[in-house]
Amino acid sequence: MHIEIDQDRLNEEIEALAAFSDAEAPAVTRVVFSERDAEARGWLQELFGKYGLTLRVDAVGNTFARWSGSRPELPAVATGSHVDAIPYSGRYDGVVGVLGGLEAIRALQRIGFKPERSIELILFTAEEPTRFGIGCLGSRLLSGTLAASVDKTLRDDQGDTLQVVRQRAGFTGPLESLRLPADTYSAFVELHIEQGPILEREKIAIGIVTNIAAPASFRLFIEGEGGHAGGRLMPGRRDALCAASEIVLAVERNALATGAIDTVATVGICQVHPGAINSIPSRVELAVDLRDTDEKRRDGVLAQIKSACAEIAERRKVEVKLEMINADAPALSAPQILEALTAACEAENVSHRRMVSRAYHDSSFMARIAPVALVFIPCRDGVSHRPDEYAAPEDIGRGVKVLARTLAALSKAN
Ligand code: GLV
Ligand code: MN
Ligand code: MN
């Protein structure tokens with residue numbers, strides 16, 4: 001089997017998709033259910049339709065484009081990723097898995113390959129937590145990791161529920177209908193940029209991911225006492241932002257304290273009330289992202305952060321409340337897909353290594369209903385979630401070839 005990639009067309013498509021953005025290029029902002037998201041989805045659906053793929057869109061906007069196999073009754077092989085982009089990010093995160101997945105299918109179609117199992121490209125809704133505060137919304141719902149009741153409980157920063165926002169975007173129907181039976185897919189393989197520096201540093205073309213770190217996230221509400229920034233004297237203040245600042249540093253300190261490279265913690269949101277230069281902050285909301293490949297170690301850090309919060313609250317006479325958003329288990333790749341990926345790398349004569357993913361992906365949740373594996377390609381300086389995110393066309397091309405071969409191998413009836 002000789003697989004050729006139409007590199008120029010794939011580049012043009014990546015560029016065209018990047019133009020659906022609320023930020024000026026090179027930055028990309030594409031928040032789920034925004035106008036730009038709707039435009040991007042429309043463009044993608046049209047594109048998928050050109051290659052004979054059968055479309056299905058579920059009640060939260062997860063989109064399935066199926067290339068029917070000669071044995072359509074068998075569980076299908078799936079690939080895909082997301083195209084929502086966090087504010088001021090780049091054009092490759094998720095996109096490489098969607099457009100690269102499409103190119104892998106086209107490459108197989110061009111050589112006349114006829115799959116036995118159907119091959120399905122999935123565009124997941126809201127892998128990024130930007131709008132509703134929780135990542136992998138679509139794949140969590142598909143895999144039954146999140147209850148349909150979130151329709152009425154998840155809200156965006158305008159206070160609108162998921163139900164209202166998705167219906168406004170044209171995605172109707174009950175969320176109960178989303179959950180897929182466990183035998184829907186015989187395999188799911190996601191192509192993604194590494195979002196870290198290892199492949200580039202080691203000059204390796206393909207990362208075969210064996211496990212995905214366990215993500216957790218939570219909100220902290222710090223309640224102090226506001227007042228006039230001039231009139232109120234310093235002694236006895238209960239400044240919520242000063243307490244929050246100590247908490248931010250405690251988060252960093254406790255993550256570093258494990259001494260493990262795989263423990264990472266980030267405070268990515270800090271909202272200060274009332275947010276006036278001459279007013280003492282009375283209320284602060286922080287959002288914390290904490291991850292580790294070792295779930296127990298992650299939970300140990302979480303416990304340390306909680307006790308630091310209690311100590312800071314007492315000493316500074318503020319109230320600190322913690323609300324968990326998610327605390328998920330790590331995901332493991334399936335040995336048979338790791339083997340298929342290794343064989344594909346060898347057939348394509350590209351260098352490869354096994355590695356972990358510290359970022360989460362839709363694969364993390366697809367792993368609950370299907371055997372999965374994640375494939376990485378290098379990205380420049382390991383940069384991601386920034387406008388200067390970059391993956392070289394040749395690196396994307398190698399990833400797509402490996403994906404195409406792997407999908408072909410996995411699509412055999414047994
Ligand atoms: C995904 O974008 C993540 O935050 O890991
Ligand atoms: Mn991302
Ligand atoms: Mn991603």
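**Figure 1. Close-up of Phe33, a buried residue in the predicted model.** The relative accessible area of Phe33 is 10%, which means that the residue counts as buried, the limit being under 20%. Phe33 sits in the loop between β1 and α2. Its phi is positive, about 65°, although Phe33 is not a glycine. Most residues other than glycine have a negative phi.

**Figure 2. Close-up of Lys203, an exposed residue with a positive phi.** Lys203 is found in the loop between α7 (198-202) and β8 (206-212). Here phi is about 55°, and Lys203 is not a glycine either. Is Lys203 buried or exposed? With a relative accessibility of 72%, Lys203 counts as exposed, because the class begins over 50%.

**Figure 3. Close-up of the manganese ion (ligand 2) and its donor residues.** Asp93 (OD), Glu128 (OE) and His385 (NE2) coordinate the manganese ion (ligand 2) at 2.0 to 2.1 Å. The sequence spacing of these donor residues is D-x34-E-x256-H. Glu128 and His385 link distant parts of the chain, being 257 residues apart. Glu128 belongs to the loop between β6 (119-124) and α4 (137-142), and His385 to the loop between β17 (372-377) and α12 (393-410). Glu128 is buried, with a relative accessible area of 5%, whereas His385 is partly exposed at 35% relative accessibility.

**Figure 4. Close-up of Asp93 between two manganese ions.** Which residue bridges the manganese ion (ligand 2) and the manganese ion (ligand 3)? The bridge is Asp93, and the two ions lie 3.7 Å apart. Towards the manganese ion (ligand 2), Asp93 is a donor through OD.

**Figure 5. Close-up of the packing of helix α2 against helix α3.** Two packed helices are described by the angle between their axes and the distance between the axes. For helix α2 (residues 35-50) and helix α3 (residues 95-110), the axes come within 11 Å and cross at roughly 10°. The two helices are therefore roughly parallel, because an angle under 35 degrees falls in that class. From α2, the contact is made by Trp43, Leu44, Leu47 and Phe48; from α3, by Val98, Leu99, Leu102 and Arg106. By class, seven of the contact residues are nonpolar, none is polar and one is charged.

**Figure 6. Close-up of Ala287 in strand β13.** Strand β13 covers residues 283-292 and includes Ala287. Ala287 is buried, with a relative accessible area of 15%. Which residues does Ala287 touch, not counting residues up to four places away in sequence? They are Phe218, Arg219, Thr266, Val267, Gly268 and Ile269. Leu220 is 67 residues from Ala287 in sequence, and their C-alpha atoms are 6.3 Å apart in space.

**Figure 7. Close-up of two cis peptide bonds, Ala25 to Pro26 and His273 to Pro274.** Most peptide bonds are trans. The bond joining Ala25 and Pro26 is cis, with omega about 10°, and Pro26 is in the loop between α1 (7-18) and β1 (28-30). The bond from His273 to Pro274 is also cis, and its omega is near 5°. Pro274 is placed in the loop between β11 (264-273) and β12 (279-280).

Definitions and conventions. Residues numbered from 1 in each chain as written. Chains lettered and ligands numbered in written order. Predicted model: local features only at pLDDT ≥ 70, side-chain atom pairs only at ≥ 80, totals over all residues. Heavy atoms only, no water. Donors = N, O, S within 2.8 Å, 3.2 Å for Na, K, Ca; no water. Helix = DSSP H or I, 4+ residues; strand = E, 2+ residues; numbered from the N terminus. Buried < 20%, exposed > 50% of the residue type's maximum accessible area, 1.4 Å probe, protein only. Axes fitted to C-alpha atoms, helices over the stretch in contact; angles between N-to-C directions. Parallel < 35°, antiparallel > 145°, perpendicular 65-115°, else oblique. Contact = heavy atoms within 4.5 Å. Nonpolar A, V, L, I, M, F, W, Y, C, P; charged D, E, K, R; others polar.
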